[in-house]
Amino acid sequence: MAFDLVIKNGEIVTAQGVYRADVGVRGERIAAIGESLQGRREIAAAGKYVTPGAVDVHVHLEMPIGDIASTDDFYTGTRAAAFGGTTTIIDFVEPEPEETLLEALASRRACADDKVVIDYGLHMTLGPAEIPKLDQVAAAYAAGCASFKLYMAYDFRLNDGEMLQALTAVHNTNGLPIVHAENWDVITMLIAENVGNGRTTPHYHPRSRPAKMEGEAAGRIINLAEFVGTRLYVFHVSCGETVDRIATARQRGLPIYGETCPQYLLLDWSLYDRPGVLGALPVCSPPIRAKEEQARLWQALSRNHLQAVSTDHCPFTMAEKERGLGDYSQIPGGVPSIEVRFTAVYSAGVRAGHLSLPQWVDVCCTTPARLFGLPRKGQIAVGYDADLVIFDPEREMHVSPKTLHETAGWTLYEGMTLHGWPEMTISHGQVIVEDGELVVGMGNGRFLRRGFGKM
Ligand code: URP
Ligand code: ZN
Ligand code: ZN
């Protein structure tokens, strides 16, 4: 019997290996992998890679900070993701103090549900105002918010006692704690010292957030996680100091995981020395580090000391970044890469010899899906969602904000030539990007209820 869709003769890349075959799709799922499959629609993929749709577990779309919000909303952000081969994202719920966790989830879903063009999930943020609400963690988990973001930095950071309470509550519901690890007391002291002495340019941003102290914070939260007996996922690892803490914990058999992001793999801190607003654009936290750190991060991915690459996509416009030019600590933090991530890791990772093809798919698709409770995503196998990318490894991509679909109006990758680009993106059996066009409308994506099975 003919399939609804067959992708013919592609090089199938999974986290396990690379082989040539046809992929048959029936309805929304992968129904067969084999030879000479026939479909009502057949797509020729000879000479192309067929990969799972990529999974980006760390994005901030329309995220408010004070009177502004990150520039991509749930439509433009998921559209850009789809062009870049990403078919699942996970964003955040950030509860207002007076809201219950379920009310906050409902209002975030009300922002997203009608706009998304790809599937999405949500992490629940637990700040100090949520400590009295920890008895609601089980309800958030039951509603599909199975991972919980805990900050060690910013005004909504948790102190170690609160962290202990939050880790325990999340662990008791079988949820996954995820953490932003930096040492806030050291950062605030260094910022005060720098700004107080007239050192106000973005050059001082990474120098106020030392790699050693990111490692210290990661080590501290790993110790707390071990004490509680919980697993833990460390967001946006920027340096070898943090890798070392995660690797040591993993060597001891602890269930500690970490991700890094394209800005740490491809870029370096000389960007902060560019003139004017150009130096403000790369401000993000943790900061982009010295060039030597890049090799440590690639090596960590290839040795499974880090398990994923996500984007932490959180762009602001040039005008918004410019507001902090007189004091770098006031520059809104965050950078874009939701569209370039999959290609960037292929180009700078696989083509440059740091990662194998299976490792590329593993860190961008398969392991993020597994770690975040998405059992039908991130893999090409019968029964999985037919979220697929036909990737042209020879296409050259001259990166420019004019050709990207991200809306910040700038990209830190401008002027780079990356190799490889998604020729077609498919989301639950439906072609969503083809011939450089998005061919589905807003609301095509779905909210994914995530969970981790029985404890
Ligand atoms: O500077 C950054 N990374 N902004 C986004 C929020 C966060 O800390 O992940
Ligand atoms: Zn963070
Ligand atoms: Zn983030």
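Which residues touch the most other members of the largest nonpolar core? In this predicted model, the core comprises 115 residues, and those with the most contacts to other members are Met124, Leu126, Leu232, Leu266, Trp360 and Leu412. The greatest contribution from a single helix is that of α7 (residues 211-228), which supplies 7 residues to this core. The core is not confined to one domain, as at least three residues come from each of domain 1 (3-51 + 380-400 + 416-438) and domain 2 (54-371). The surroundings of Leu266 can be listed in detail: with residues up to four places away in sequence left out, Leu266 touches Gln294, Trp298, Ala344, Ala348, Tyr413, Met416 and Leu418. A second core, separate from this one, holds 17 residues, among them Val23, Ala45, Ile380 and Ile426.

Two of the residues touched by Leu266, Ala344 and Ala348, belong to helix α13, where both are buried. Helix α13 spans residues 341-350 and is mostly covered, with 10 of its 10 residues buried. The buried set includes the polar or charged positions Arg341, Thr343 and Ser347 as well as Phe342, Val345, Tyr346, Gly349 and Val350.

The domain assignment divides the protein chain into domain 1, made up of the segments 3-51, 380-400 and 416-438, and domain 2, covering 54-371. The C-alpha centres of the two domains are separated by 29 Å. Contacts between the domains involve 28 residues of domain 1 and 27 residues of domain 2.

An open sheet of 8 strands is present, with parallel pairing and the strand order β6-β9-β10-β11-β12-β13-β14-β15. Strands β6 and β15 form its edges, each pairing on one side only. Within this sheet, β9 (residues 86-93) and β10 (residues 119-125) pair in the parallel sense through 6 bridges; Phe92 has His123 of β10 as its bridge partner. Strand β10 also runs parallel to β11, to which it is joined by 2 bridges, and here Thr125 is partnered by Lys149 of β11. Strand β11 (residues 147-151) is mostly covered, as 5 of its 5 residues are buried. Burial extends to both of its faces: Ser147, Lys149 and Tyr151 are buried on one side, and Phe148 and Leu150 on the other. Lys149 is thus described both as a bridge partner of Thr125 and as a buried residue of β11.

Two zinc ions, ligand 2 and ligand 3, lie 3.7 Å apart. For the zinc ion (ligand 3), the protein donors are His58 (NE2), His60 (NE2) and Asp312 (OD), at 1.9 to 2.1 Å from the ion. The arrangement is tetrahedral because the angles subtended by the 4 donor atoms are 87 to 135°. The donor residues follow the sequence spacing H-x1-H-x251-D. His58 is located in the loop between β6 (54-56) and β7 (64-65), and Asp312 in the loop between β15 (308-309) and α12 (318-322); the pair therefore ties together parts that are 254 residues apart in sequence. Both His58 and Asp312 are buried.

The zinc ion (ligand 2) has His180 (ND1) and His236 (NE2) as its protein donors, lying 2.1 Å from the ion. The angles among the 4 donor atoms of this site are 56 to 145°, and the site is irregular. His180 belongs to strand β12 (residues 176-180), whereas His236 is in the loop between β13 (232-234) and α8 (240-251), so this pair ties together parts that are 56 residues apart in sequence. As with the pair described for ligand 3, His180 and His236 are buried.

A further association between parts distant in sequence involves Met442, which is found in the segment after β19 (437-438). Met442 and Ala112 are 330 residues apart in sequence, and their C-alpha atoms are 9.7 Å apart in space. With neighbours within four places in sequence set aside, the contacts of Met442 are Tyr75, Asp114, Lys115, Val116 and Val117.

How values were computed
Residues numbered from 1 in each chain as written. Chains lettered and ligands numbered in written order. Predicted model: local features only at pLDDT ≥ 70, side-chain atom pairs only at ≥ 80, totals over all residues. Heavy atoms only, no water. Donors = N, O, S within 2.8 Å, 3.2 Å for Na, K, Ca; no water. Tetrahedral: all angles 85-135°; square planar, octahedral: opposite > 155°, others 65-115°. Helix = DSSP H or I, 4+ residues; strand = E, 2+ residues; numbered from the N terminus. Buried < 20%, exposed > 50% of the residue type's maximum accessible area, 1.4 Å probe, protein only. Core = buried A, V, L, I, M, F, W, Y, C linked by side-chain atoms within 4.5 Å. Domains from an automatic or database assignment. Contact = heavy atoms within 4.5 Å. Pairing = 2+ DSSP bridges.
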